[in-house]
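Open the model in your viewer and keep the selection tool ready, since this tour moves from one selection to the next. At each stop, look for yourself before reading on.

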Amino acid sequence: KGILYVVATPIGNLQDLTPRAGEILREVDVIAAEDTRHTRKLLSHFQFSTPLVSYHEHNEQTRGKALIERLMKGESVALVSDAGTPAISDPGEELVRLAVEHDIPVVPIPGPNAALSALVASGLPAQPFLFLGFLPRTPKGRREELTRWARIPATLLCYESPHRLLPMLQDVLEVLGNRRVAISRELTKKHEEWIRGRLAECIRYMEEAGVRGEYTVVIEGAAEQEAGQADPQKNWWESLSVIEH
Ligand code: SAM
């Protein structure tokens, strides 16, 4: 049997492709990519010419089967998404599950991930944390989902697309209260920016400054919120901090 490699690729800065990820992408028989055009650009930057097939949410059933057949015949496959770590709010989970069911070895090639990068630089407790990915698109669904996690004493991590970011933050404010947040923008890119502070003030700032690029939101957990209020060490969170790199 071949090996299924789950390969993390850059979330902005191409230098973040690890040497090992590069080696795997160069040497496997085929790369299964969320968007072949997108991944072709990455490959041509590094002058790799590995064959690509598409693997995304609309063809994962049929394509998954075909990839498993290739793996069973001894071919090696690298699974990549457009950016970051496959299966993390990206296609991949299903193919990995199929491979595991077929006793095909699955090897992760660790690397860039927006959620963990945001978490470790947020200044909020790094454990426990709860990765929520994208919240539901509708306000009702979003509020219901947030209500499920409202009392969990864990730092919360959310992805969101720019056009839904402000409505999403408004719902977080309504359901979870005026918690401390660290909002990261364009991680690893030229215009990386960090907005930290109480949610209400961050929202006001972003309404004025505008929302552009990719954002990952880190929200303090429920218990932290209560404990933090009595902790003078954490007073700096009370004023808005915006840092552009
Ligand atoms: N699989 C990816 C990972 O490992 O991070 C996440 C893919 S998900 C479809 C895309 C979302 O991740 C974006 O909407 C944004 O919330 C977040 N994201 C991706 N790149 C980012 C970056 N450079 N800075 C901040 N957030 C980012």
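How many bridges join strand β2 (residues 30–33) to β4, and in which sense do the two strands run, parallel or antiparallel? As you look for the answer, keep in mind that this is a predicted model.

**Stop one: strand β4**

Select residues 77–80, which make up strand β4, and then add residues 30–33 for β2, and you will find that four bridges join the two strands, which run parallel. One of the pairs to look for is V30, whose bridge partner in β4 is V77. Now add residues 4–7, strand β1, which also pairs with β4 in the parallel sense, here over three bridges, and note that Y5 stands opposite A78. Turn the view to see both sides of β4: V77 and L79 lie on one face, A78 and V80 lie on the other, and all of them are buried.

**Stop two: the loop after β4**

Next select A87 and S89, which both lie in the loop between β4 and α4. A87 has a positive phi of about 75° although it is not a glycine, and S89, which is not a glycine either, has a positive phi of about 50°. Are they buried or exposed? A87 is partly exposed, because 17 other C-beta atoms lie within 10 Å of its own, while a buried residue would need 20 or more. S89 has 18 C-beta neighbours inside 10 Å, and therefore counts as partly exposed.

**Stop three: around the ligand**

Display the ligand and select what surrounds it: the shell has 23 residues, and the closest are G84, T85, A114, Y159 and L187. The elements that give two or more residues to this shell are α5 (114–122), β7 (155–160) and β10 (215–219). If you colour the shell by residue type, it divides into eight nonpolar, 10 polar and five charged residues.

**Stop four: strand β10 and its partners**

Keep β10 selected, and ask which residues lie on each of its faces. Y215, V217 and I219 are on one side, T216 and V218 are on the other, and all of these are buried. Add β7, which pairs with β10 in the antiparallel sense over five bridges, and find C158, whose bridge partner in β10 is V217. Then add strand β8 (residues 180–185), which pairs with β10 in the antiparallel sense, also over five bridges, and find S184, whose bridge partner is T216.

**Stop five: the largest nonpolar core**

In soluble globular proteins, nonpolar side chains tend to be buried together. Here the largest nonpolar core has 30 residues, and V181, V218 and I219 are the ones that touch the most other members. The elements α5, β7, α7 (162–176), β8, α8 (199–209) and β10 each supply at least two residues of this core, and α7 gives the most, with five. Centre the view on V218 and, leaving aside its neighbours within four places in sequence, show its contacts, which are A118, L119, S122, L124, T155, L157, V181 and A182. Apart from this core lies another, of 22 residues, among them V6, L25, I31 and A78.

**Stop six: helix α8 and its surroundings**

Select α8 and look down its axis: where are its buried residues, L199, C202 and I203? They lie on the same side of α8, because they cover an arc of only 100° around the axis. The face turned away from this buried side carries the exposed residues E208 and A209. Among what covers the buried residues of α8 are α7, β8 and β9. Just after the helix comes G210, whose phi is positive, near 90°.

From here, select G197 in strand β9 (residues 193–198). G197 counts as buried because it has 22 C-beta neighbours inside 10 Å. Leaving aside neighbours within four places in sequence, its contacts are C202, W237, S239, L240 and S241. If you draw a distance from the C-alpha atom of G197 to that of G213, 16 residues apart along the chain, you will find that 20 Å separates them.

**Last stop: a cis peptide bond**

Finally, select Q127 and P128, which are joined by a cis peptide bond with an omega of about -5°. P128 lies in the loop between α5 and β6 (129–134).

How values were computed:
Residues are numbered from 1 along each chain as its sequence is written. This is a predicted model: local features need pLDDT of at least 70, side-chain atom pairs count only at pLDDT 80 or more; totals for chains, interfaces and linings use all residues. A residue is near a molecule or strand if its C-beta atom, placed from the backbone, lies within 6 Å of it. Ala, Val, Leu, Ile, Met, Phe, Trp, Tyr, Cys and Pro count as nonpolar, Asp, Glu, Lys and Arg as charged, and the others, Gly among them, as polar. A residue is buried if 20 or more other C-beta atoms lie within 10 Å of its own, exposed if 12 or fewer, and partly exposed in between; C-beta atoms are placed from the backbone. Two strands pair if DSSP finds at least two bridges between them. A nonpolar core is a set of buried Ala, Val, Leu, Ile, Met, Phe, Trp, Tyr and Cys residues joined through C-beta atoms within 7 Å. Two residues are in contact if their C-beta atoms, placed from the backbone, lie within 7 Å. The arc is that of the directions from the helix axis to the C-beta atoms.
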